[in-house]
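Ready for a bit of practice in reading a protein model? Grab a pencil and have a look at what comes up next.

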Amino acid sequence: MGDIRQSLLPRDVLSAAKELLYHLDIYICNLVQSGRQPPQVDSKTQELVEEFILHAPKDRNTQARRMSALQELQLLEIMCSCFQEQSRDTVRQLMFSALFSLQGNQADESRMSLLGKLVSMAIAVGRVPILECAATWLQRTHRGYCVRLAQVLVDDYCSMVPGSGPTLQNIHNASPRFCCQFITAVTTLYDLTTEELTPPLELLQMIVLWIQEDPGLVLINFLNTALAGNQPISSLDVTPLGGLMRWCVKASLIYSRDKKKGLTNGSAECEPEVGPLFSALHLSVLQVLMLLPNILNEKGLFGRLALLQMEPLAALTSDLSRLLDQADKHTHTSSTDSSGLSELALDRLAQALQVAMANGALLCSREDLRAICSRLPHNNLLQLVLSGPVLYYNNIHTPPLAFSPHAAHSPIATHPPHTPHPPLASSHPQYPAQPFMTGLQFPFRPSH
């Protein structure tokens with residue numbers, strides 16, 4: 001395609017971009033029909049995209065071409081039509097990749113800007129092919145850029161234009177794959193570390209409704225992803241389960257802290273109570289985890305593939321320990337409320353850990369759990385989980401898969417042979433920081 005550059009130079013910016021999209025579509029169709037494996041767009045074509053669509057100058061002596069806002073809107077409409085009219089998914093995916101795959105150069109900022117506007121328009125006008133391509137992009141791209149795209153969409157539909165939330169809500173029906181990847185991106189973006197990184201109420205309501213209506217939604221990307229360790233190490237998680245768990249566990253403490261800050265500063269407004277939303281979300285997450293045994297057994301992966309990794313869980317327990325310490329400092333003002341919220345956070349953590357282990361989402365030993373929970377205060381339910389029975393998997397001798405794009409924690413491969421244990425009648429002195437009740441027999445049945 002390098003020979004068409006001279007014909008594009010005399011054209012105005014919109015006409016040149018439109019002409020290049022036309023030739024790019026033909027070029028990729030021919031590339032796919034040639035049977036070349038893998039089909040790959042050459043560097044000269046990438047340079048043309050950067051010069052005439054992204055408007056990155058070819059060299060320092062060349063002035064960058066610029067579009068007006070109206071021309072840019074017209075270009076977005078042309079691109080929407082181009083993807084909508086192309087019937088072959090392989091061609092669409094390659095074309096999307098040619099336009100928006102990050103190259104590590106100055107044109108990447110223009111790529112991200114145009115991508116955010118294109119995906120936002122695709123949501124508004126219901127262009128499913130673009131949403132499907134964007135879902136693949138989110139799966140293959142560095143998480144830092146994924147959360148930037150998510151931020152653009154949240155700003156467009158939850159902040160800037162009042163009443164536009166229902167339009168974003170429709171992506172659940174239009175493209176479940178994109179919806180799943182979007183949830184993963186926003187749970188990565190809003191990690192509840194600061195007040196600014198708490199999800200907007202409208203977004204939270206949307207996500208809760210999506211998962212309540214279709215719990216399997218959060219597993220769509222996992223079910224449609226080839227089991228190969230070829231994803232970038234820094235990509236998004238394969239499911240949003242870890243991020244959703246983090247939301248549920250930390251929410252009660254985070255929102256209580258932010259509410260107290262607002263009262264102290266005199267800036268608190270009458271906001272809806274988010275507690276019921278996170279309770280509903282927590283229940284939905286547990287229900288999703290309970291879907292896993294049948295899915296993993298059908299694929300022969302039960303006991304071999306961990307959808308939840310130990311490193312993020314260790315980070316979660318560390319954050320939770322810090323939040324609990326902060327809450328303890330304010331117990332003299334509202335001891336009952338603070339204690340109840342702390343217990344709620346620990347109860348949710350314990351429930352999520354137990355259900356995840358029992359259903360094959362988390363592959364680790366009780367000793368591993370005790371190690372990462374050692375700094376947490378005593379909680380009856382958490383103690384019950386940490387002192388529970390050893391879990392066995394039918395294919396425990398099969399090596400775990402390194403499917404997750406992050407460092408997998410797979411103690412199954414190195415766990416020593418199990419030897420029968422006498423009845424549990426002693427404490428665990430090797431983990432003094434997490435107090436255990438001596439003489440506790442399992443299972444423990446509370447008397448109240």
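Here are three short exercises, each with a worked solution.

This is a predicted model, where local features need pLDDT of at least 70, side-chain atom pairs count only at pLDDT 80 or more, and totals for chains, interfaces and linings use all residues. Residues are numbered from 1 along each chain as its sequence is written, and side-chain values use heavy atoms, with hydrogens and water left out.

**Exercise 1.** Find out how many helices and strands the protein has.

Solution. Start with the rule: helices are DSSP runs of H or I with at least four residues, strands are runs of E with at least two, and numbering goes from the N terminus. Now count: you get 19 helices and zero strands.

**Exercise 2.** Work out where H55 sits, and whether H55 is buried or exposed.

Solution. First, place H55: it's in the loop between helix 3 (43-52) and helix 4 (69-85). Next, check its phi, which is near 60 degrees, a positive value in a residue other than glycine. Last, the relative accessible area of H55 is 9%, so H55 is buried (under 20%; exposed is over 50%, partly exposed in between, with a 1.4 Å probe and protein chains only).

**Exercise 3.** Do the same for L192, then find what share of the protein's residues is buried.

Solution. L192 belongs to the loop between helix 11 (176-189) and helix 12 (201-213). Its phi is near 65 degrees, again positive in a residue that isn't glycine. With 1% relative accessibility, L192 counts as buried. Zooming out, buried residues make up 48% of the 448 residues in the protein.
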